[in-house]
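Subject: Structure for you to look at

Dear colleague,

I am handing over the structure below, and I would ask you to keep it open while you read the notes that follow it.

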Amino acid sequence: MQREIKKQMRLLNEKGELMTRGYATKPLLEYCREDIRASKWRIKEWDYYLVTNEDYAVALTVADNGYIGFLSVSLIDFQRRWFKTTSMIKPFTFGKLNLPASSNEGDIEYKDARIEMNFSHEGKKRLLKCIMKKFYNRKDFHCEFVLSDEPRDSMIIAIPFQNKKHAFYYNRKINCMTADGKAYLGDKVYEFPPDRSFGTFDWGRGVWPYKNTWYWGSASGIINGKKFGFNIGYGFGDTSMATENMLFYDGFAHKLEEVTFHIPKRGKTFAYMDSWTFSSSDGRFEMNFQPIIDRNDSTSIGFISSDQHQVFGYFTGRAVLDNGEAIEVKNLLGFAERVVNRW
């Protein structure tokens, strides 16, 4: 069942429970941290940006996960099949990072002796800036990007977690933004020209259980002279009312039912660098996926742990729009991930 949210309303009621549940293509629900009735230890908030082209990618994260804040930078070189992720942990933030209550407005500014992270708005553009000292081999990292041409539609979901009265997941993901900018590692320059670079935004707010495993995939590119992308995933909550599976073509969203990730295994171990497949319950998303790099990042601090496998590669297959038109996909760069959290 796919329930579309069409009315603007508050996200949570006076009891801290979702006023409604389902998906939307516009951010109609108003999030207010003060409405949450769960423990502050369980509140998770993040802003994540990914900028990609066929050569490189940069990922920037600011997260306030209650008892732990998290600032992370990833630089990925697809040609060399190399990546570096450097993360900084800030204990007991409990909302002190002041992440905005809206995915449309509100800026993030953070600065300490080692890292500076700025996500801001200028009209309809999103401006990203990051400076991190001693990012890799004592070399400093610096990037500046402008994201523009935000499409008409994006993926929004508001769903509960089963058997957790005050737990919920409120998320927006924007695909297919035009990206323009550069990244620097020491003296090396990484170019992101606007004619072939794309921005993806993942904005998450919610109350989460301690243990969780999620699956997420995303891609943005050009097919038939128009921007095409998709967002797929599950494991974020109770998806009985809506999934977050959605195609985007020329700025318009096309809703999918269930999508399943078929990650190969060798024995009981996931073989992330072997070829994957994806299938959908409605037959509208059938893909092969050829990995080129596994951005594996594992963190363990006491009772907190996260094992992330964000695998970048090429999608080839078929996606069907709401009107029945089939989009033939060939070697579209994107990623698919499996993340296991104890947080």
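The charged end of Arg80 is placed over the ring of Trp82, at 5.0 Å from the centre of that ring, in what you should bear in mind is a predicted model. A second case of this kind involves Lys255, which lies over the face of Tyr23 at 5.1 Å from the ring centre.

Turning to rings that pair with other rings, the count comes to 44 aromatic pairs, and two of them are described here. In one of these, the ring centres of Phe161 and Trp208 are 5.0 Å apart and the planes are at 55 degrees; because stacked pairs need planes under 30 degrees apart and edge-to-face pairs need over 60, this pair is tilted. Phe161 belongs to strand S12 (residues 155–161), while Trp208 is in the loop between strand S15 (198–207) and strand S16 (211–223), so the pair ties together parts that are 47 residues apart in sequence. Phe161 counts as buried at 8% relative accessibility, and Trp208 is buried as well, with a relative accessible area of 1%.

The other pair is formed by Phe261 and Phe278, whose ring centres are 4.8 Å apart and whose planes are at 70 degrees, so that this pair is edge-to-face. Since Phe261 lies in strand S20 (residues 259–262) and Phe278 in strand S23 (residues 276–280), the pair ties together parts that are 17 residues apart in sequence. Both Phe261 and Phe278 are buried.

With best wishes

How values were computed:
Residues numbered from 1 in each chain as written. Predicted model: local features only at pLDDT ≥ 70, side-chain atom pairs only at ≥ 80, totals over all residues. Heavy atoms only, no water. Phe/Tyr/Trp six-rings, centres within 6.5 Å; stacked < 30°, edge-to-face > 60°. Helix = DSSP H or I, 4+ residues; strand = E, 2+ residues; numbered from the N terminus. Buried < 20%, exposed > 50% of the residue type's maximum accessible area, 1.4 Å probe, protein only. Lys NZ or Arg CZ within 6 Å of the ring centre and 35° of its normal.
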